[in-house]
Amino acid sequence: MRREEAAPCEGSGSREMSQRKRSKGAAFSQGDDDDDDDFSLSQTQTHSQVQRSLERRSRDEVNRKVSELVQFLLVKDQKKIPIKRVDILKKVIREYKDVYSEIVNQAGRILQQVFGLQLVEIDTKHHIYILTSNLPRVEGENLKRDNQTAKLGLLTIILSFIFMKGNSAKDSAVWEFLRRLRVHPGEKHEVFGDVKKLVTEEFVRQKYLEITPIPLTDPPEFCFQWGPRAAKETSKKDMLNFVAKIQQKEPSFWTSQYNEAEANP
């Protein structure tokens, strides 16, 4: 893909998703989560039952279980071991069965939005699942050599975000976006380790990202753009299709990004 000069960060707001206010997806819009995919493994609990149970649980307790389930599923996926619902209940959910569907829903959204993975049932009788990848093609030698699926997922989500913001994004916007996905730049992540170092040093060193200071900003602000390796190894069309799959919309829903992606396949 031929690399084009990106718009400066100061002007990126004018090229954000033109239909953003109409979109309710969790990852790439500012709306609520009402339209997010239902990742639950069971439909035995009604919505009202789950809501009543959630009122008896603290948000921190539920979030902790969500994080535990994400890590459990990622470990199983790395070993390519099919995931049994009974194991999820016994080893992770335990005494939180009353909010089981909410925990699985949230974990599923994180897996899809951060790692590009989707939970798929392959045996409806015994309730056995696997994780399948929805990531677009990014085939850099640095990532292939180490088979770093998790890092590839994080990189893909950042590249997608930058493209949807008009080919450039302020560092504050990138960090806030990752926080909404429970990937906190100031904390040690179980999978990514030091998130800020991974993004600002490793991805930059590998030429997947470019980070430049924005003049006359105090405190200093920085601009994120695609690096030359990203421009060679993936495409704007791939990234738009990735966003569209998560949002369950047609790529043409985002008119500006669609026209740009079609012009630069």
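The following paragraphs lead through a predicted model, from its overall make-up to its sheets, its core, a helix pair and its unusual backbone geometry.

The protein chain contains 11 helices and eight strands. Of its 265 residues, 51% count as buried. Among contacts between residues at least 6 apart in sequence, 64% join residues at least 24 apart.

One open sheet is built from three strands in the order β1-β3-β2, with antiparallel pairing. Strands β1 and β2 stand at the edges with a single partner strand each, so one side of each is left without a neighbour in the sheet. Strand β1, residues 83–84, is joined to β3, residues 128–133, by two bridges, and the two strands run antiparallel. Within this pair, isoleucine 83 lies opposite tyrosine 129, and lysine 84 lies opposite isoleucine 128. On the other pairing, strand β2, residues 117–123, is linked to β3 in the antiparallel sense over six bridges. Here glutamine 118 has threonine 132 in β3 as its bridge partner. In general, strands of a sheet pair through backbone hydrogen bonds, either parallel or antiparallel.

The hairpin of β2 and β3 has four residues between the strands. Histidine 127 is found in this loop, and its phi is near 55 degrees, a positive value in a residue other than glycine. With a relative accessible area of 23%, histidine 127 is partly exposed, because the buried class is limited to residues under 20%.

A further open sheet of three strands follows the order β4-β8-β7, again with antiparallel pairing. Its edge strands are β4 (169–170) and β7 (209–214), each of which pairs on one side only. Helix α8, residues 195–205, packs on this sheet and touches β7 and β8; the direction of α8 makes about 125 degrees with that of β7. Two bridges join β4 to β8, residues 221–226, in an antiparallel arrangement, and alanine 169 stands opposite phenylalanine 224 in β8. Strands β7 and β8 pair in the antiparallel sense over six bridges; in this pair, threonine 212 stands opposite cysteine 223.

The loop between β7 and β8 carries two notable backbone features. The hairpin has six residues between the strands, and leucine 216 takes a positive phi near 60 degrees. Proline 219 is also found in this loop, and the peptide bond that leads to proline 219 from aspartate 218 is cis, with omega near 5 degrees. Both features depart from the general pattern, in which most residues other than glycine have a negative phi and most peptide bonds are trans.

A positive phi also occurs ahead of β4. Asparagine 167, in the loop between α6 and β4, has a phi of about 75 degrees although it is not a glycine. At 9% relative accessibility, asparagine 167 counts as buried, because this value falls under the 20% limit.

Attention now turns to the nonpolar interior. In soluble globular proteins, nonpolar side chains tend to be buried together. The largest nonpolar core of this model has 61 residues, of which Phe115, Leu154 and Leu178 touch the most other members. Helix α6, residues 149–164, supplies the largest share of this core, with 10 residues. Leucine 178 touches Leu154, Ile157, Ile158, Val183 and Val195, when residues up to four places away in sequence are not counted.

The last topic is a pair of helices. Two packed helices are described by the angle between their axes and the distance between the axes. Helix α10, residues 236–247, packs against α11 at an angle of about 145 degrees, with the axes 8 Å apart, and the crossing is left-handed. From α10, Lys236, Lys237 and Leu240 meet Gln257, Tyr258, Glu260, Ala261 and Glu262 in α11.

Which residues of helix α11 are buried? In this helix, residues 255–263, they are Gln257, Glu260 and Ala261. They cover an arc of only 100 degrees around the axis, which puts them on the same side of α11. Gln257, Glu260 and Ala261 are also among the α11 residues that meet α10.

Technical notes: Residues numbered from 1 in each chain as written. Predicted model: local features only at pLDDT ≥ 70, side-chain atom pairs only at ≥ 80, totals over all residues. Heavy atoms only, no water. Pairing = 2+ DSSP bridges. Buried < 20%, exposed > 50% of the residue type's maximum accessible area, 1.4 Å probe, protein only. Arc of directions from axis to C-beta. Core = buried A, V, L, I, M, F, W, Y, C linked by side-chain atoms within 4.5 Å. Contact = heavy atoms within 4.5 Å. Axes fitted to C-alpha atoms, helices over the stretch in contact; angles between N-to-C directions. Left-handed = near helix turned anticlockwise from the far one by under 90°.
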